[in-house]
Amino acid sequence: MSATHRPAIRVVRDRTIRIKVIDDCGLACTFCHNEGTPVTADNRGRAELPFVAGPGRTGRVSIYSETNGVGFLAARMAPDASFRRAVRTVARAFDAHEVHLTGGEPTLHTEVPALVAALTGMGLSVGMTSNGERGRQVMAECSAAGLGRVNVSVFGTTAAELRAVQSERFRAPSKASVNIVVPGMAHVGRVVNLVESYGQFADVRMLTSIQDGPESVAAISEVLARVGAEPVLRTFTAGTSDERTLYRALGSRAVYVKRLLPVRLPDTCASCRFNNDTDCEEGYYGIRLYLTDQGEYMVGVCIQRMDLCVPVAELPKSGIVEEVLAFKDAEVRRLTREYGAAA
């Protein structure tokens, strides 16, 4: 970061829950954590555990599912009374005002506009992370239903750049799609090309690869240097490991960098076997909602410790709500005291 350019600081309280509405995806990214659950299509009907982490017949992976203690497969959610009841319960418990749809790939869900409508009907803001597979078919209807924000995953500007981050099964020239996770130095060129070619049309957001750690961070720094990026605004989401900085590059182009901070829940994380400087890769990132293949809604707090998931029905007596809310309050105070800004 330039010594002569200091960004403004903003601290915001986390009020978001992530909802895994579907497990299906048409891509096979080598760095995918799949929200902590195994690839359902590769494990459906298995008589013996553990689940296959991948790549299976689909070519997809779930990088933590061999070690995170996950005990269920994720099912497709439906915009029914059970869905609304589970979301309402979790949102009220954690004082969440926004939900973020994830997968898998949400646009492959045939009822995703109805899911958006159900959520906005509850007074919630709705965002989505998507690779755009069926965006042309569903995004207009999702927008009409109240979808407010889409983080489009982008891998590059050419089919070759996409193939560089796909499993062997999908490295044929006929497949193409996009996402700016930056695993290491070998990927700097494709990201710079993206900023230069398309940065004037859309904000570019770089994400660290959680399994590549320092190499990913160094690669992002190299991209910023090559495009002459200067920091404008640094935002901390108090109560999660999410920190992002807005840069201006190549004139007026917006480039965001999302980093993961070493944030831990004070009780839940204290005795965790991953609670050290090398093994805990995401930190505490926030609350996630799942539907199991047995029809039960579950709440998770960590994709590396899916054994900590609890049924929504058991949430009130789990102690998670009280711990998370107190942690958010403490983080708002700490970050505000440290950086002197809050929102």
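Start with the whole surface: the protein exposes about 15,100 Å² of accessible area, and 50% of that belongs to carbon and sulfur atoms. Keep in mind that this is a predicted model.

**Stop 1: the whole chain**

Colour by secondary structure. Eight helices and 13 strands make up the secondary structure of the protein. Now colour by burial. Of the 343 residues, 51% count as buried. Contacts reach far along the chain: among those between residues at least 6 apart in sequence, 66% join residues at least 24 apart.

**Stop 2: the seven-stranded sheet**

Next, select strands 5, 4, 3, 2, 11, 12 and 13. They form an open sheet in the order 5-4-3-2-11-12-13, and the pairing is mixed. Look at the two ends. Strand 5 (149–152) and strand 13 (310–311) are the edges; each has a single partner strand, so one side of each is left without a neighbour in the sheet. As a reminder while you turn the view, strands of a sheet pair through backbone hydrogen bonds, either parallel or antiparallel.

**Stop 3: strand 2 and its two partners**

Select residues 16–20, which are strand 2. Is this strand mostly covered or mostly open? It is mostly covered, with four of its five residues buried.

Add residues 98–102, strand 3. The two strands run parallel and are joined by five bridges. For one place to zoom in, pick R18: H100 in strand 3 stands opposite.

Now add strand 11, residues 287–291. How many bridges link strand 2 to strand 11? There are three, and this pairing is also in the parallel sense. Label I17 and I287; they stand opposite each other. Then label I19, whose bridge partner in strand 11 is L289. Show the side chains along the strand as well. In a regular strand the side chains alternate between the two faces of the sheet.

**Stop 4: the largest cavity**

Switch on a cavity display. The structure holds two cavities of 30 Å³ or more. The largest contains about 140 Å³ of space. Which residues come closest to its centre? Select C269, C272, C280, C302 and R305: of the 16 residues in the lining, these are the closest to the centre. By type, the lining of the largest cavity divides into ten nonpolar, four polar and two charged residues.

**Stop 5: the second largest cavity**

Move to the second largest cavity, with about 40 Å³ of space. Select its lining: F236, T237, A238, G239, T240, D242, L261, V263, E331, R334 and L335. Strand 8 and helix 8 (320–339) each supply at least two residues of this lining. The lining of the second largest cavity splits into five nonpolar, three polar and three charged residues.

**Stop 6: G239**

Stay with one residue of that lining, G239. Where along the chain does G239 lie? It is in the loop between strand 8 (230–238) and strand 9 (242–249). G239 has 0% relative accessibility, so it counts as buried.

Show what surrounds G239. Leaving aside residues up to four places away in sequence, G239 touches D14, Y284, F327, K328 and E331. E331 is also in the lining of the second largest cavity. Finally, draw a C-alpha to C-alpha distance from G239 to V332. The two are 93 residues apart in sequence and 7.4 Å apart in space.

Conventions:
Residues numbered from 1 in each chain as written. Predicted model: local features only at pLDDT ≥ 70, side-chain atom pairs only at ≥ 80, totals over all residues. Heavy atoms only, no water. Buried < 20%, exposed > 50% of the residue type's maximum accessible area, 1.4 Å probe, protein only. Contact = heavy atoms within 4.5 Å. Pairing = 2+ DSSP bridges. 1 Å grid on protein atoms, 1.4 Å probe; cavity = no way out; pocket = protein on both sides within 12 Å on 5 of 7 lines; lining within 4 Å. Points joined across faces, edges and corners; volume = space filled by probe spheres on them. Nonpolar A, V, L, I, M, F, W, Y, C, P; charged D, E, K, R; others polar. Areas by Shrake-Rupley, 256 points an atom, 1.4 Å probe, with all protein chains shown as cover.
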